[in-house]
Amino acid sequence: MVEEKVVNEKDGEEVEVEKKIKHLGPFERPKIPDGMSKHQWKKMVKRQRWVENKGKMKESRRERKKERNEERKRKIEDLKSKGEDYTELLRHKKPRIEVEDQVSTGAKVIIDCAFDDLMLEKEVVSLSSQITRSYSENKGGHNRVELLVTSFDKRLKERFDNSLRDYDKWNEKQIQFVEDDLDKVLEGEDLSKVIYLSADTDEKLEELKSGETYIVGGIVDKGRHKNLCKEKAERLGIQTKRLPIDECIKISGRKVLATSHVVELLIKWFKYRDWKEAFEDVLPPRKLRTEK
Ligand SMILES: C[S@@+](CC[C@H](N)C(=O)[O-])C[C@H]1O[C@@H](n2cnc3c(N)ncnc32)[C@H](O)[C@@H]1O
């Protein structure tokens, strides 16, 4: 029998699905289609399983959410009956902000996604979630940047087309997707007002300004491609700057942040106009150290 393990859709990590195939007798084994390598075939089988299991996973997520809600309600009732404080357990939904109520910062943030070929499948999936998070941040707050995703093609676009079908209905004041690469998008722009963010540069980004464009590399590479975005910026004649991490906070682990964290930081900077507060708001507590 072919073992079925469910794929973790959240971070796209494809779990081994047909480990047991090799234990099947030679006549029971599915035949690899002509013209396909074993590797390609395995990938196809994984993908098929993932599609088949999608519905089941959605259902089980819904179930788990329902269970968690019921558990929360039970706890509230319990605390209430004991006369204890239960307010922590109440869900405080953020009031929804309409696009008309937002203030445009006048700054543009570009997520440069020209690195599709350098990523693993699961990294493309992770990048798609990060873009979704960046969009949520841009539509959820009082301040809005002009958010643009460039080189939106290949596997990244495929992922959006297959898994986030209504993304084309997202408000274009809050996000836009273009197939063009950065150099095309920046044609005719005053490059003195364009900054490519990179952890690999010494120059520090002091503050953000209306009328400027900030580019963030749209790549998940787990440190494999140091200097990649810095070198691309240099080729295009764009200045590079790093976030003032050392100057503001103590951070554990790598100082190369995820694309979505950087986009969120840029948006949050306009709220606080202070890097330290923006870092503390955006970065997860595990990243923030109390001592150096
Ligand atoms: C996961 S990183 C990609 C790292 C990649 N190797 C590179 O060459 O930039 C995603 C993007 O976030 C931005 N970024 C991450 N950490 C940063 C930092 N400390 N300062 C400035 N930008 C940063 C950069 O634009 C970077 O391309």
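Hi everyone, let me start with one residue: leaving out residues up to four places away in sequence, Leu266 touches Val109, Leu197, Leu205, Leu208, Tyr214, Val216 and Trp275. A contact here means heavy atoms within 4.5 Å. Before going on, a word on what you are looking at: this is a predicted model, where local features need pLDDT of at least 70 and side-chain atom pairs count only at pLDDT 80 or more, while totals for chains, interfaces and linings use all residues. Numbering runs from 1 along each chain as its sequence is written, and side-chain values use heavy atoms, with hydrogens and water left out.

Back to Leu266. Together with Ile131 and Leu243, Leu266 touches the most other members of the largest nonpolar core, which has 55 residues. By nonpolar core I mean a set of buried Ala, Val, Leu, Ile, Met, Phe, Trp, Tyr and Cys residues joined through side-chain atoms within 4.5 Å. Buried is under 20% relative accessible area, exposed is over 50%, and partly exposed is in between, with a 1.4 Å probe and protein chains only. Helix H7, residues 259–272, gives this core its largest share, 7 residues.

Now the overall layout. The chain has 8 helices and 6 strands; these are DSSP runs numbered from the N terminus, H or I with at least four residues for helices, E with at least two for strands. Of the 292 residues, 37% count as buried.

The 6 strands form an open sheet in the order E3-E2-E1-E5-E4-E6, with parallel pairing. Two strands pair if DSSP finds at least two bridges between them. E3 and E6 (239–241) are at the edges with a single partner strand each, so one side of each has no neighbour in the sheet.

Let's walk through some of the pairs. E1, residues 103–112, and E2, residues 143–150, pair in the parallel sense over 7 bridges. Between these two strands the chain passes through helix H2, residues 121–140, in a right-handed β-α-β crossover. Right-handed means that, with the strands pointing away from the viewer, the path from the first strand over the helix to the second runs clockwise. How much of E2 is buried? In E2, 7 of its 8 residues are buried. Val149 in E2 stands opposite Ile111, and in E3 the bridge partner of Val149 is Phe177. Towards the other edge, E4 (residues 194–197) and E6 pair over 3 bridges, where Leu197 has Lys241 as its bridge partner.

One for the electrostatics fans: Lys108 is found in strand E1. Is Lys108 buried or exposed? At 16% relative accessibility, Lys108 counts as buried. Leaving aside neighbours within four places in sequence, Lys108 is in contact with Glu146, Glu189, Glu212, Thr213 and Tyr214.

Finally, two helices. In H8, residues 275–282, the buried residues include Trp275, Ala278, Phe279 and Val282. Seen down the axis, the buried residues of H8 fall within an arc of 100°, so they line one face of the helix. The arc is that of the directions from the helix axis to the C-beta atoms. Helix H6 (245–248) and H7 are among what covers them. In H3, residues 154–163, Leu156, Arg159 and Phe160 are buried, and they cover an arc of only 95°, which puts them on the same side of H3. The buried residues of H3 pack against helix H1 (38–81), H2 and E3.

Thanks, all!
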